[in-house]
Amino acid sequence: MTGQNTSVDDNYTGHVESGSAARRTLPGATIVKASVGPMDNNAYLITCSQSGETLLIDAANDAPTLLDLIERFAPTLTLIV
C-alpha cells in the first residue's frame, strides 16, 4: 500500500524516537505508539484482543507512516479520534 516499512520495537518503554514506533501487548489490547511529523507527535493504534478492531488516536501528521502501521498492525480500523 505505502511502500514504507516503519520500524516497530516490541520492547515498549513508553518513549519512541522521531520516525519510529513501539508495540506493547496487554491482556485485552495491543498498543502501537508512533512518533510522527516534525513536531514529534505521538499517534496510537489500540487494537482489541478479542474483536481485532482498532482505534487510531491523534493522527496528527505523516500519513504514509500511519498508513503503513495500519496496514501491518490494524487490519480492522474502526474509529479515528
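Select Ala 43 to begin: beyond its neighbours up to four places away in sequence, Ala 43 touches Val 32, Lys 33, Ala 34, Val 36, Ile 57, Asp 58 and Leu 66. The model on display is predicted. Colour the chain by pLDDT before going further: the mean is 88, and 95% of the residues reach 70 or more. Among the elements, strand β5 (residues 53–57) has the highest mean, 97, and strand β1 (residues 8–9) the lowest, 85.

**The core around Ala 43**

Extend the selection to the largest nonpolar core, which has 12 residues in all. Ala 43 belongs to this core, together with Val 8, Ala 21, Val 32, Ala 34, Val 36, Leu 45, Leu 56, Leu 66, Leu 69, Ile 70 and Ala 74. Three elements give two or more residues to the core: β3 (29–36), β4 (41–48) and α1 (63–73).

**The sheet**

Show the strands next. They form an open sheet of 6 strands in the order β1-β2-β3-β4-β5-β6, with mixed pairing. At the edges lie β1 and β6 (76–80), each of which pairs on one side only. Now select α1, which packs on the sheet and touches β1, β2, β3, β4, β5 and β6. The direction of α1 makes about 160 degrees with that of β3.

Move to the β1 end of the sheet. Strands β1 and β2 run parallel and are joined by 2 bridges. Select Asp 9 to locate one pairing: its bridge partner in β2 is Ala 22. On the next step, β2 (residues 21–25) pairs with β3 in the antiparallel sense over 5 bridges. Here Arg 23 has Val 32 of β3 as its bridge partner, and Val 32 is also one of the core residues. The two strands β2 and β3 form a hairpin, with 3 residues between them.

**The loop between β1 and β2**

The last stop is Glu 17, located in the loop between β1 and β2. Is Glu 17 buried or exposed? Glu 17 counts as exposed because its relative accessibility is 53%, and the cut-off for exposed is over 50%. Display its side chain together with that of His 15: a polar contact of 3.0 Å joins the two. Leaving aside neighbours within four places in sequence, Glu 17 is in contact with Ser 35 and Asp 40. Finally, draw a C-alpha to C-alpha distance from Glu 17 to Val 36: these residues are 19 apart in sequence and 9.3 Å apart in space. Val 36 leads back to the starting point, as Val 36 is among the residues that Ala 43 touches.

Key
Residues numbered from 1 in each chain as written. Predicted model: local features only at pLDDT ≥ 70, side-chain atom pairs only at ≥ 80, totals over all residues. Heavy atoms only, no water. Core = buried A, V, L, I, M, F, W, Y, C linked by side-chain atoms within 4.5 Å. Buried < 20%, exposed > 50% of the residue type's maximum accessible area, 1.4 Å probe, protein only. Helix = DSSP H or I, 4+ residues; strand = E, 2+ residues; numbered from the N terminus. Contact = heavy atoms within 4.5 Å. pLDDT = per-residue confidence, 0-100. Pairing = 2+ DSSP bridges. Axes fitted to C-alpha atoms, helices over the stretch in contact; angles between N-to-C directions. Polar contact = N/O pair within 3.5 Å; in protein donor to acceptor, adjacent residues only side chain to side chain.
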